[in-house]
Number of protein chains: 2
Amino acid sequence: MTTSDALAAPRRRQARADSTRLALLDAAVQEFAAHGFDGASTRAIAARAATHQPQINYHFESKEALWRAAVDHLFSKLDALLGEVMPQGPDDRPVASREVFAATIRAFVRAVARLPELNRIMVQEATADSPRLAWIVERHTRPRFALLTGAWRTLRETGSVPGIDETVLYYSMVGAASLAYVNAAEARLLGVDPISDAFVEAHGEALVTMILGPD
Amino acid sequence: MTTSDALAAPRRRQARADSTRLALLDAAVQEFAAHGFDGASTRAIAARAATHQPQINYHFESKEALWRAAVDHLFSKLDALLGEVMPQGPDDRPVASREVFAATIRAFVRAVARLPELNRIMVQEATADSPRLAWIVERHTRPRFALLTGAWRTLRETGSVPGIDETVLYYSMVGAASLAYVNAAEARLLGVDPISDAFVEAHGEALVTMILGPD
DNA sequence: GAGCTTCTTTATCGATCGATCGAATTCGTC
DNA sequence: GACGAATTCGATCGATCGATAAAGAAGCTC
């Protein structure tokens, strides 16, 4: 009895499948970010990926499974952009010196500026209760929320930063960092170019000053 | 020749029409804020308003006209909540003392906390280019953008506030003020109650400190 | 209360939605 | 190069979308 006898016949995944799958993921990110889950159509996603609509149900089980895969895809890009700017100590407590937090703010602003689709999807989903919101909160939001609020609490205990509640700080910081890029289409109509390096860098410095104070 | 001869026959508007119209407006605000323009269905709006779907096309010309009326409806509520916190001088230059700006920030936070639907709709529309975005920017966003950035510029010239670019400040302030309420469903899953008076007041004070500095 | 207008309701149109099926095609392996 | 699995493609299902038409009910004027 060989190993292949006891197992199901091995699937031979082909390269073209991975290519189609990735194209669908990137297209789904764009469409979901632009029109929301309900507003995005599987046909528009397939067309943007230069393939046909039934491919979605072949490579993913449903529109919702495609959405989840696209969100995972986006968050992995975020982690790659953020890198290791907020290291954790050996006891899982975040290392939160003032300098580390400032670097985190700058890196966060640069990351959300380059991944506007992520916060667009977050805001579209966080707006109303849904199974998708519960999924994304437990899988992605809560660990990051815990990390940032924990870092702020330990930093606040040193007394060198404003005494702002950590949940207030979380939403103020994330909102202040992301809106210009979430609303990039609006900003351009107002004469602002939020994607420019000048804006992003000024934005990062402004947030460091606002959050950590003028020390 | 009487006056009625030359004019079209006067329409006799009935009270029940105004009632239906208002119910549709309130329902549309909720549905558009929760699901976006594409995701909101006219049948769901009509059901929430306890009426029938064709009433939308009777009282408004189309789904899009209903959306515009709902947005106007929301912004008039915002103006009512904001009141006269940022008065303008006789030459149309905003009166922007530090105290006036601080009061504006506090009033703004309270207002967006009580009107989360407005920023939800704004964020859903500002995400992608569309005729609706152009309409809302010219009609509602641009004048408010000009007022706030103008006030910040004059205030910054006095030198007593951080030297932050006015467009950076606009998106940082609006984003920091609104995200907790836009994402209220998410916040509740994270154990935060952004609607509570305690949160809103702490949030307002935190933003005043962050934006105007610790003077 | 007769007669006309305003408003509401029911029924239905063509278009598009997500999903599924089966045939056609391509790929990897022997 | 032949066989079988993996993938792509064309067609179509029932459901739902926004919008419209026409009938019915209610309100106002004289």
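Here are some friendly notes on this predicted model, covering its two protein copies, the two DNA strands and the domains of chain A.

1. **How the copies are related.** Chain A superposes on chain B by a rotation of 180 degrees, with 0.0 Å of shift along the axis and an RMSD of 0.0 Å. The two copies are thus related as by a two-fold rotation axis. Of the interface residues of chain A, 100% are also interface residues in chain B, so the copies meet through the same surface.

2. **Who sits around DNA strand C.** There are 26 residues around this strand, and those that come nearest are Thr42(A), Thr20(B), His52(B), Gln55(B) and His59(B). By class, the surface near strand C has 12 polar, nine charged and five nonpolar residues. Sugar or phosphate supplies 69% of the strand C atoms within 4 Å of the protein, and bases supply the rest.

3. **Polar pairs to look at on strand C.** On the phosphate side, a polar side-chain atom of Thr20(B) is 2.5 Å from a phosphate oxygen, and one of Tyr58(B) is 3.0 Å from a phosphate oxygen. For the bases, an N or O atom in the side chain of Gln53(A) lies 2.9 Å from a base nitrogen of strand C. The elements giving two or more residues to this surface are α3 (42-48) and α4 (54-59) of chain A, along with α2 (15-39) and α4 (54-59) of chain B. The largest share, four residues, comes from α4(B).

4. **Now DNA strand D.** Of the 27 residues around strand D, Thr20(A), His52(A), Gln55(A), His59(A) and Thr42(B) come nearest. Sugar and phosphate make up 68% of the strand D atoms that come within 4 Å of the protein. The surface near this strand divides into 12 polar, nine charged and six nonpolar residues.

5. **Polar pairs on strand D.** Polar side-chain atoms of Thr20(A) and Thr42(B) lie 2.5 Å and 2.7 Å, respectively, from a phosphate oxygen of strand D. A base nitrogen of the strand is 2.9 Å from an N or O atom in the side chain of Arg43(B). Here the elements with two or more residues are α2 (15-39) and α4 of chain A together with α3 (42-48) and α4 of chain B. The largest share, four residues, is from α4(A).

6. **Domains within chain A.** Chain A is divided into domain 1 (1-67) and domain 2 (83-215). In chain A, 10 residues of domain 1 are in contact with eight residues of domain 2. The two domains bury about 800 Å² between them, 65% of it on carbon and sulfur atoms. On the domain 1 side, Ala33(A), Phe37(A) and Trp67(A) lose the most area, together 62% of what that side buries.

Note on methods. Residues are numbered from 1 along each chain as its sequence is written. Chains are lettered from A and ligands numbered from 1 in the order in which they are written. This is a predicted model: local features need pLDDT of at least 70, side-chain atom pairs count only at pLDDT 80 or more; totals for chains, interfaces and linings use all residues. Side-chain values use heavy atoms; hydrogens and water are left out. Copies are superposed by least squares on the C-alpha atoms of residues with pLDDT of at least 70 in both. Contact means heavy atoms within 4.5 Å. A residue is near a molecule or strand if one of its heavy atoms lies within 4 Å of it. A polar contact is a pair of N or O atoms within 3.5 Å; within protein, one must be able to donate a hydrogen and the other to accept it, and residues adjacent in sequence count only if both atoms are side-chain atoms. Ala, Val, Leu, Ile, Met, Phe, Trp, Tyr, Cys and Pro count as nonpolar, Asp, Glu, Lys and Arg as charged, and the others, Gly among them, as polar. Domain bounds come from an automatic or database domain assignment. Buried area is the accessible area (1.4 Å probe) that two parts lose on being put together, summed over both.
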